[in-house]
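Please open the structure in the viewer and keep the sequence panel in view. The tour proceeds by selection, and each stop describes what is to be found there.

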Amino acid sequence: MASESKPAYQPKDAISASVRSTMIVGGAGLFLSAVQNSLTRQNVTGWGVLTRTGGTIGIFAAIGGGYEFARVAAANIREKDDAWNPTIGGFVGGSIVGLRYRSFPAVLGFGALLAIIQGTFDYTGGKMTGFARDAEVDEYERMEQVRRNKRRPIEETLHELGEGRGIYGPGYQERRAERLKKRYGVDIPQPA
């Protein structure tokens, strides 16, 4: 009985990952701050991005850096790369959101909310598009296989739905012409 052995965990640099994440998410915060600044009713200068709505930049940067540092540090301490690491990071990031409200229940609530969202997202595959497909299978052949498996014969479709509404079986024009001739006495010319 051969057991599959997982490769040993390779530690990651938590500081560089958190700095990179701080910069990326802080940039998103800067963009959102600029949008907030442009939508104000008062005539605020361009510096309003930093002075008036600059707290958004700081919160976003802190959330991104805190999340990434906690996630990578948890992975390094536990020496595992599983769904618990984003859960821990999500709790730290959500707690930073809760700090804005200066309330301990808000810190715990936002932390728990983001932890559940991040942990569930990572546990279910970590993609919005679903699980990864086999890279060795040609996509065209896979789609043809799906079509063959799901395609129903036209006779079955006609039996269940009947003709009309864009669904016509073989010989429909002849049957239609015969039916109109019988019912109304109108002779319909056959297409060539």
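Which residues form a nonpolar patch on the surface? Select Ile15, Val19, Met23 and Phe69: these four make up the patch, and together they have about 410 Å² of accessible area. Please bear in mind throughout that this is a predicted model.

**The patch and helix H1**

Next, select helix H1, residues 14–38, which gives the most to the nonpolar patch, with 3 residues. Met23 is a suitable residue on which to centre the view, as it lies in helix H1. With a relative accessible area of 59%, Met23 is exposed.

**The whole chain**

Now zoom out and show the chain as a cartoon. It contains 8 helices and 0 strands, and read along the sequence its pattern is α-α-α-α-α-α-α-α. The radius of gyration is 31 Å, well over the 16 Å that the globule rule gives for 192 residues, so the chain is more spread out than a compact globule. Rotating the view shows the extent of the C-alpha trace, which spans about 85 × 70 × 30 Å along its principal axes.

Colouring by accessibility adds a further level of description. Of the 192 residues in the chain, 26% are buried. The chain exposes about 14600 Å², and carbon and sulfur atoms supply 60% of that area. Among the contacts with a separation of 6 or more, 42% are between residues 24 or more positions apart.

**Helix H3 and its end**

Select residues 54–78 to display helix H3, which has 25 residues. From its first C-alpha to its last, H3 reaches 36 Å, close to the 36 Å expected at 1.5 Å a residue. Glu79 follows H3 and has a positive phi, near 55°.

Within H3, show the side chains of Glu68 and Arg71. The two form a salt bridge in which the closest N and O atoms are 2.6 Å apart. Both residues lie in helix H3, 3 residues apart, about one turn of the helix. An α-helix has 3.6 residues a turn, so residues three or four places apart point the same way. Is Glu68 buried or exposed? Its relative accessible area is 13%, and Glu68 is therefore buried, the cut-off being under 20%.

**Salt bridges around the H3–H4 loop**

The structure holds 5 salt bridges, and two more of them deserve a stop. Select Asp81 and Lys12, which form a salt bridge with the closest N and O atoms 3.5 Å apart. Asp81 lies in the loop between H3 and H4, whereas Lys12 lies in the segment before H1, so the pair ties together parts that are 69 residues apart in sequence. Asp81 is exposed, with a relative accessible area of 55%, while Lys12 counts as partly exposed at 37% relative accessibility.

Then select Asp82 and Arg78, whose side chains meet in a salt bridge of 2.8 Å, N to O. Asp82 counts as partly exposed, at 25% relative accessibility, and Arg78 likewise counts as partly exposed, at 29%.

**Helix H4: three buried residues**

Select residues 84–99, helix H4, and begin with Thr87, which is found in this helix. Thr87 is buried, with a relative accessible area of 18%. Leaving out residues up to four places away in sequence, Thr87 touches Ala115 and Gly119.

Proceed along H4 to Ser95, which also has its place in this helix. Which residues does Ser95 touch, not counting residues up to four places away in sequence? They are Val107, Phe110 and Gly111. Ser95 is buried, with a relative accessible area of 11%.

The last selection is Ile96, again in helix H4. Its relative accessible area is 17%, and Ile96 is buried. Leaving aside neighbours within four places in sequence, Ile96 is in contact with Ala62, Ile63 and Gly66. To conclude, draw a distance between the C-alpha atoms of Ile96 and Gly64: the two residues are 32 residues apart along the chain, and these atoms are separated by 9.7 Å.

Note on methods: Residues are numbered from 1 along each chain as its sequence is written. This is a predicted model: local features need pLDDT of at least 70, side-chain atom pairs count only at pLDDT 80 or more; totals for chains, interfaces and linings use all residues. Side-chain values use heavy atoms; hydrogens and water are left out. Patches are made of residues with over 30% relative accessible area and no salt bridge: like charges are joined within 9 Å, nonpolar side chains (Val, Leu, Ile, Met, Phe, Trp, Tyr) within 5 Å. Accessible areas come from the Shrake-Rupley method with a 1.4 Å probe; for residues, only the protein chains shown count as cover. Helices (H or I, at least four residues) and strands (E, at least two) are DSSP runs, numbered from the N terminus. Buried means under 20% relative accessible area, exposed over 50%, partly exposed in between (1.4 Å probe, protein chains only). The radius of gyration is taken over C-alpha atoms; the globule rule is 2.2 Å times the number of residues to the power 0.38. Contact means heavy atoms within 4.5 Å. The expected span of a helix is 1.5 Å times one less than its number of residues.
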